[in-house]
Amino acid sequence: MLPNILNLPEYRVLQVDDSGPDYHIRAETIAPPAACIHCCGADMVRYGHREQLIHDLPIHGKRVGISIDTRRYRCKDCRKTFYEPLPAVDEKRRMTTRLVNWLGEHSARKTFAQLAEETGVSNMTVKAVFNDHSAKLGAALKIETPQFMGIDEIHLIRRPRAVFTNTKGCLVIEMLDNRDKKSVVRYLSGLPDRERIRCVTIDMWRPYRDAVREVLPDAGVVVDKFHVLKMANAALDQMRKSLGAAMTARQRRTLMKDRKLLLMRPKDLRPEAALMLSGWLRNLPELEAAYNIKEAFYALYDAGSKEEALHLQGQWENSLAPETKTAYQPLITAFHNWRDEILAYFDWGLTNACAESANNLIRVANRMGRGYSFEVLRSRIFLTNHAGHKKKRLYARPKPVEMDNRYSLAVCEPSRSTEEAVGEISVGVDISTLLRLAEDGLL
């Protein structure tokens, strides 16, 4: 008798051919079916057979194909025919259950073409297994709705995608295929306990604001201050370029190399960098004026209240010279259009710095897996690497016990010691853990 090279106790190995690049194994089931699959009757007779090719896990680096002589039966009770069920074989595909599980676990870390080549199945089959595996993991994973949410976007695979974060915990909670209002509304509407959300931090993208106002009318909306300050930096950089037209080519190149000094706050400059910046500002009065305007706008966020910030903004805008105002006009327009959301920063003190860090890590994951679809990339971040999820215990309170009383009903409030732990819930994917996984090549 041949040894059971398959390590499947439900099958008897009849023949093994390993002379070529693959293993070809003939096998049959050991035990016949006990009952009819239609009526559960036990009176059955053999009614032919057919040969089925089933793919299995590679052995010794070779692909494995199992030819199973599947027997056909006819039930004497219901007169129907059926083929014997094949144990350890996936019901939807011609492959073993262990191969399906293996493909599901590896399909988010290897290319579909690579897995198809290793196992002998088609690319479309690997993709279908990946979709089923991701859906299963997604259904089992529950993420808690945060009190403070951030919404930003990242450009991946030629399209902007919306990224949602837990702002306070600096955790990523979701990434959508699109960033339009319809997609954001659908996601926010489907959140469990969405009334928990107290504030949402966004950039100046109108569909985000409209979606939040529609679904979360009681939540605060804050425009991320770094997006506002980025516009001030862009205006200063535009003036730098215009001043460079009157310089020599060498001066333009040197100033371009030192442009980051103009965008930094004076308190963040090292002594040698501060000395270099002061040299540029002394020799270029127009550049010094533009730099001071940028710094004056930055000072708005140092104000103690929104009223003070609004007063400072008015003074800042009125102080702009006509030639300077042209460069800063996009920032002025944005401030007037988004004034309430920009000033809401002084009520909540929230930024989208967490979302920006998450975007950088998502870009790393994208570079590590060129050619992946958005669904695969999302799975690698949210579903495959469960070590990245920061979880907490989920408790279920027992039903209140009502005490019958002649005059009233007294409800006993259970304490935490009487609560029952029913599982875990994720509060999001920790960005520092994602970074470690990316550095280790596991993302």
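This note walks through a few features of a predicted model, starting from one strand and moving outward.

1. A good place to begin is strand S9, which covers residues 199–202. Cys-199 and Thr-201 point one way from the strand, while Val-200 and Ile-202 point the other way. In a regular strand the side chains alternate between the two faces of the sheet. Here, the residues on both sides of S9 are buried.

2. Next, look at the strands that pair with S9. Strand S6 (residues 148–156) runs parallel to S9 and is joined to it by 3 bridges. Within this pairing, Phe-148 has Cys-199 as its bridge partner in S9. S9 also pairs in the parallel sense with strand S10 (residues 220–223), this time over 4 bridges. There, Val-200 is matched with Val-221 of S10.

3. If you follow the chain onward from S9, you meet helix H5 (residues 206–215). Together S9, H5 and S10 form a β-α-β unit, and the unit is right-handed.

4. Phe-148 deserves a second visit, this time for its ring. The whole structure holds 9 aromatic pairs. In one of them, the ring centres of Phe-148 and Trp-348 lie 6.3 Å apart with their planes at 65 degrees, so this pair counts as edge-to-face. The two partners come from distant parts of the chain: Phe-148 belongs to strand S6 and Trp-348 to helix H14 (residues 345–348), 200 residues apart.

5. Are these two partners buried or exposed? Phe-148 is buried, because its relative accessible area of 10% is under the 20% cut-off. Trp-348 has a relative accessible area of 30%, so it is partly exposed.

6. Other rings are worth a look too. Phe-297, Trp-316 and Tyr-328 are linked into a cluster by ring pairs. Elsewhere, charges sit over rings: the charged end of Arg-179 is over the ring of Trp-205, 3.5 Å from its centre. Likewise, Arg-209 lies over the face of Trp-338, at 4.0 Å from the ring centre.

7. Finally, which elements line the largest pocket? This pocket holds about 300 Å³ of space. It is lined by 16 residues, and those closest to its centre are Leu-141, Ile-143, Ile-173, Glu-174 and Tyr-187. Strand S8 (171–175), helix H4 (181–189) and helix H16 (374–384) are the elements that each give two or more residues to the lining. H16 contributes the most, with 3 residues.

Notes. Residues numbered from 1 in each chain as written. Predicted model: local features only at pLDDT ≥ 70, side-chain atom pairs only at ≥ 80, totals over all residues. Heavy atoms only, no water. Buried < 20%, exposed > 50% of the residue type's maximum accessible area, 1.4 Å probe, protein only. Pairing = 2+ DSSP bridges. Right-handed = clockwise from strand over helix to strand, strands pointing away. Phe/Tyr/Trp six-rings, centres within 6.5 Å; stacked < 30°, edge-to-face > 60°. Lys NZ or Arg CZ within 6 Å of the ring centre and 35° of its normal. 1 Å grid on protein atoms, 1.4 Å probe; cavity = no way out; pocket = protein on both sides within 12 Å on 5 of 7 lines; lining within 4 Å. Points joined across faces, edges and corners; volume = space filled by probe spheres on them.
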